[in-house]
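Subject: Structure for you to look through

Dear colleague,

I am passing on a structure that I would like you to look through at your own pace. Please open it first, and then read the notes below beside it.

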Amino acid sequence: MSALLSRIRYALRSARRQGLRTVALVAGVGLTTALAAAIACIDLGVRDATTRRADETRLIVYRENRFCPFASALPQRYDRQIAELPGVAAVVPVKIIVSNCRASLDVVTFRGVPEDDLRAMAPQLSAGSLDAWASHGNGALVGRELAARRGLKVGSSLTAAGIDVVIDGILESDDPQWRNSALTHLAYLQERAARGGTGGIVTQFDVTVSDPARLEEVARTIDDRFRADESPTATRPQTAFVARAASDVVALAGFSSIIGIGAVLAAFGLLATTMVNVTRHRSREFAVLRTLGFTDGGISAIVLAEGALVGGLGGLVGAGVAWFGLARAGLAFTMEGVSITPRLDPAIFIVAAAVALAAGLLATAVPAWSASRARLVDLLRGAS
Amino acid sequence: MSLIDCRSLCKDYQRGGEVVHVLDHLDLSIERGSYTALMGPSGSGKTTLLNLLAGIDRASSGKLLVDGTDLAQLDRNQLAGWRSRHVGYVFQLYNLVPVLSAYENVELPLLLHDLTAAERHRRVVEALESVDLADRHAHLPRQLSGGQEQRVAIARALVTQPALLLADEPTGDLDRTNADAVMDLFGRLHAQRGQTIVMVTHDDSIASRAERTVRLEKGRLATMEAAR
């Protein structure tokens, strides 16, 4: 054990004295790890938002052949008719106004909902109160991530897309749509909407079904109900709605994953090449160590320990940077009023750091083996 | 009593399909506590013999006993362990590890021994004092002169208290003043500690510091003479 520790100590000393090289390698591994972890978090967020779950009960009713909140307009009175359909547990009419309909990282999405419906949903607030919101006609409850992105607090005001609101509460939710929205009174948003009339028009209905197994059936029933009406509907499970609305973001996330894998492989190749060159450059040093009595395994342990140090430290730094950066940035990909946020799953960061450590060891495995197997007398011919 | 006993020692190399007999049935004994200079023209087998004595290379045939151990019976790792306990090796070009301080270079061989940190420290300090470099312990090799580097290398070779100190042209890269200082140090080690030293040199004046000079020619023992 003490022999192993002594080799690790030697590797640490060597790495410390070769500070610039070590820092450069650790930074390279760290950046790659951070990139890979961030992409994995985004990918997980996309999966969360777009993958149909067995217990899913939420349907989104949109205007048929409309793909943007600015274009989707449905009569609010549909809510009573939808509520009467079999399998429907609740209906919430929602007016949506966004500051930017295109894909963006900083979109403000206003979601106007009736006060009674919001109270029925019992939203969880980390600051402010529902009563304060109810008492202000232009009050808003802003999602935690939107608040963090825009530096909003209770009492501050927010102006976007021609809408002025006062913040009455900070909203906590598992749903990224809520975490990245400003919930206002439906009537206020209808009144301030540039298009869509002064009232009675909403963008969509959020429908909760009583039985997840009947999700598709209820969706068909809703669309059949309004097929011949003035505003035909297109109803989809929320995950399918998000997948369609944010299809560009989903495609981008898929492309990013490929780039992420490429970056990891490129960084691994660079690390391996660097370690091979470093080991070759140090053949004289290893010859001296072996002359002093270091065994083949001892030399291998030194090289592997340096690889593990670079990989492990780079992995920890990278995972930490990714976690801190994503948590602080409050990143949300928003498109057509639909938000997708990265999911900061601790397992991703643990795996990313472990993979970086394994890459460090793997990159040095061949140099370690060759350093230990070279004939000492041949090495010393170049050393003496 | 012999510390080193070579009997009909041979070392052959293949060079371009031709077998080169670097050592050719060499018989040689070196007493414990002796101070021997190995001389001879280039290619006579001096460094090859030194490498065999250190367990760095293996004999093609013959018998080689060092401090009672038949080196042919040891595998690579056993040889490494044996070397760390029995041999101190001094290179012509010092070969200090450039990223380690003088102290850390001297401490290096002790990392292979089961010693407490305090004992390790005591031995390193003692070794550096013995080569008059206690005040340079924190210096990196590039901050030392050639002579100082070689003295650190000697301290590194001695710190494990080996039975045998081998030196391959230890003054070959030094000016006369520093070469004399190193030779004075070898003389002191031999006289005060009874250190067994085998040193390869081309320089007659350096060889004259040893108790006896062994001359090799074409891999064979040519002459063996005591110092004048």
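In chain B, helix H1(B) lies across strands S1, S2 and S4, and its direction makes an angle of about 120 degrees with S1(B). Please keep in mind throughout that this is a predicted model.

The strands beneath that description belong to an open sheet of four strands in chain B, which follow one another in the order S2-S1-S4-S5 with antiparallel pairing. Strand S2 (18-31) and strand S5 (69-70) of chain B stand at the edges, and because each has a single partner strand, one side of each is left without a neighbour in the sheet. If you look at strand S1 (residues 2-15) of chain B, you will find that ten bridges join it to S2(B), the two running antiparallel; B:Arg15, for instance, has B:Glu18 in S2(B) as its bridge partner.

Chain B also has an open sheet of six strands, with mixed pairing, in the order S6-S7-S8-S3-S9-S10. Its edges are formed by strand S6 (87-90) and strand S10 (220-226) of chain B, each of which has a single partner strand, so one side of each is left without a neighbour in the sheet. From one strand to the next, the twist averages 20 degrees. Strand S9 (residues 212-217) of chain B runs antiparallel to S10(B) and is joined to it by six bridges, and B:Thr213 has B:Glu225 in S10(B) as its bridge partner.

Helix H2 (residues 76-86) of chain B has as its buried residues B:Leu79, B:Ala80, B:Arg83, B:Ser84 and B:His86. These buried residues of H2(B) pack against helix H1 (46-54), strand S4 (61-66), S6 and strand S7 (164-168) of chain B, and also against H12 of chain A.

That brings us to the contact between the chains, to which chain A gives 23 residues and chain B gives 24 residues. On the side of chain A that touches chain B, two or more residues come from each of helix H1 (2-17), helix H12 (283-292) and helix H15 (376-383) of chain A, and the largest share, seven residues, comes from H1(A). Sorted by class, this side of chain A has nine nonpolar, eight polar and six charged residues.

Finally, within chain A, the axes of helix H13 (residues 296-329) and helix H14 (residues 346-373) come within 7 Å and cross at roughly 160 degrees, which means that H13(A) is roughly antiparallel to H14(A). The crossing is right-handed, and the residues of this contact divide into 21 nonpolar, eleven polar and three charged.

With best wishes

Conventions. Residues are numbered from 1 along each chain as its sequence is written. Chains are lettered from A and ligands numbered from 1 in the order in which they are written. This is a predicted model: local features need pLDDT of at least 70, side-chain atom pairs count only at pLDDT 80 or more; totals for chains, interfaces and linings use all residues. Two residues are in contact if their C-beta atoms, placed from the backbone, lie within 7 Å. Ala, Val, Leu, Ile, Met, Phe, Trp, Tyr, Cys and Pro count as nonpolar, Asp, Glu, Lys and Arg as charged, and the others, Gly among them, as polar. Two strands pair if DSSP finds at least two bridges between them. Axes are lines fitted to C-alpha atoms, for helices over the stretch in contact, and angles run from 0 to 180 degrees between N-to-C directions. Angles under 35 degrees count as roughly parallel, over 145 as roughly antiparallel, 65 to 115 as roughly perpendicular and the rest as oblique. A crossing is left-handed if the near helix is turned anticlockwise from the far one by less than a right angle, and right-handed if clockwise. A residue is buried if 20 or more other C-beta atoms lie within 10 Å of its own, exposed if 12 or fewer, and partly exposed in between; C-beta atoms are placed from the backbone.
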